[in-house]
Amino acid sequence: MNRVYKEQRVLGIDIGFETTGMCYSSYPINKPLIYRLETGDKRTKWPGYKKFVSEFFCNEVNIPNIINSDLIIIEKPFNVPGHGKVLIELLGIFKREFVLWNKSFVEVPQKTLKKFATDNGNAKKSEMVKRALKEYQVEAETEDEIDAFWASLLGHCILQPEKFSKARQESIKKLVILR
C-alpha cells in the first residue's frame, strides 16, 4: 500500500555568533529557501543580539516560515566561555517563543548534525559544505546557512524516515521532539 504524504515543511536554524543561518524547505528538497540574519557583533555581544531577536520574530520572511513549518530544527550551540552563554540564552528565547506559537521543535547537538550530514560526528564544516553540494546541489554563503540546510533535512528525516538511508535514520534515533 502506498502512503500519501502532505508536503512537509521544515525550518532549520543555526544560531551563530555573527550570523544565524536559516533554511525553509519541503521534501523532496527542491530549491530550499536559505537565508541569514545578522546575529550580532562578536566584540560587543548583547547590543546586536537584542536587535536580532526582535528582527527574527518580526521579519517578513521569517514569520510565514515559522507559522507554516511542521517542525523546527535548531542546532544547539556549544556552551563555550563568553559568547556561548549568549547563544544558549538566545536558544532559550527561541524555545519559549516556539512554545507560545505552538510549534514543534527539536534541539540537535552539533555532533548529531555532523553525523547526519557526513556519517562522522567529528567532521569539519568543509565536509558538510561538500556533501550539501554533491548530494543536493545546495550552496550557501556561510557555514551557518549550510548547517541550517542540514538541520532542515534532518527534520524531514524525522517526519519521513523511510525516505532516508539507514545510516541517517540511525544518527537521529535519540532526538526528542519538544512542544
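# Close-up views

**View A. K76 sits in strand β4.** Before you zoom in, note that this is a predicted model, where local features need pLDDT of at least 70 and side-chain atom pairs count only at pLDDT 80 or more, while totals for chains, interfaces and linings use all residues. Residues are numbered from 1 along each chain as its sequence is written, and side-chain values use heavy atoms, with hydrogens and water left out. Strands here are DSSP runs of E with at least two residues, helices are runs of H or I with at least four, and both are numbered from the N terminus. K76 counts as partly exposed, at 37% relative accessibility; on this scale buried is under 20% relative accessible area, exposed is over 50%, and partly exposed is in between (1.4 Å probe, protein chains only). Skipping its neighbours within four places in sequence, K76 is in contact (heavy atoms within 4.5 Å) with L91, E107, V108, P109 and Q110. K76 and T112 are 36 residues apart along the chain, and their C-alpha atoms are separated by 10.0 Å.

**View B. Pull back and the protein has 7 helices and 5 strands.** Starting at the N terminus, the elements go β-β-β-α-α-β-α-β-α-α-α-α. The protein has 179 residues, and 49% of them count as buried. Among contacts with a separation of 6 or more, 62% are between residues 24 or more positions apart. The protein exposes about 9,700 Å², with carbon and sulfur atoms supplying 52% of that; areas like this come from the Shrake-Rupley method with a 1.4 Å probe, and for residues only the protein chains shown count as cover.

**View C. The largest nonpolar core has 26 residues.** In soluble globular proteins, nonpolar side chains tend to be buried together. A nonpolar core here is a set of buried Ala, Val, Leu, Ile, Met, Phe, Trp, Tyr and Cys residues joined through side-chain atoms within 4.5 Å. Look for I73, F116, Y136, F149, W150, L153 and L154, the members that touch the most others. At least two core residues each come from β4 (71–76), β5 (105–109), α4 (110–118), α5 (125–136) and α6 (143–159). The largest share, 8 residues, belongs to α6. Apart from this core lies another one of 20 residues, including Y24, I66, L87 and L91.

**View D. Y136 makes contact with residues beyond its sequence neighbours.** Leave out the ones within four places in sequence, and what does Y136 contact? The list is I29, R131, F149, W150, L153, F164 and R168.

**View E. Helix α4 is largely enclosed by the rest of the structure, because 7 of its 9 residues are buried.** Those buried residues are Q110, T112, L113, K114, F116, A117 and T118. Their cover includes β4, β5, α5, α6 and α7 (166–171). Just after α4 comes D119, found in the loop between α4 and α5. D119 is not a glycine, yet its phi is positive, near 70°. At 46% relative accessibility, D119 is partly exposed.

**View F. Helices α4 and α6 pack at an angle of about 80°, with their axes 10 Å apart.** That makes α4 roughly perpendicular to α6, a label used for angles of 65 to 115 degrees, while under 35 is roughly parallel, over 145 roughly antiparallel and the rest oblique. The axes are lines fitted to C-alpha atoms, for helices over the stretch in contact, and angles run from 0 to 180 degrees between N-to-C directions. On the α4 side, L113, F116 and A117 meet D147, W150, A151, L153, L154 and C157 of α6.

**View G. A cis peptide bond joins Y27 and P28.** Its omega is about 5°, and P28 lies in the loop between β2 (19–26) and β3 (33–38). Y27 and K163 are 136 residues apart in sequence but 9.4 Å apart in space, C-alpha to C-alpha. K163 belongs to the loop between α6 and α7 and is partly exposed, at 42% relative accessibility.

**View H. N102 has a positive phi of about 60°, although it is not a glycine.** You'll find N102 in the loop between α3 (83–100) and β5. Its relative accessible area is 47%, so N102 counts as partly exposed.

**View I. Two cysteines, C23 and C157, are buried.** C23 has a relative accessible area of 0%, and C157 has 1%. How many disulfides (cysteine sulfur atoms paired within 2.5 Å) turn up in the whole structure? The search finds 0.

Key
A disulfide is a pair of cysteine sulfur atoms within 2.5 Å.
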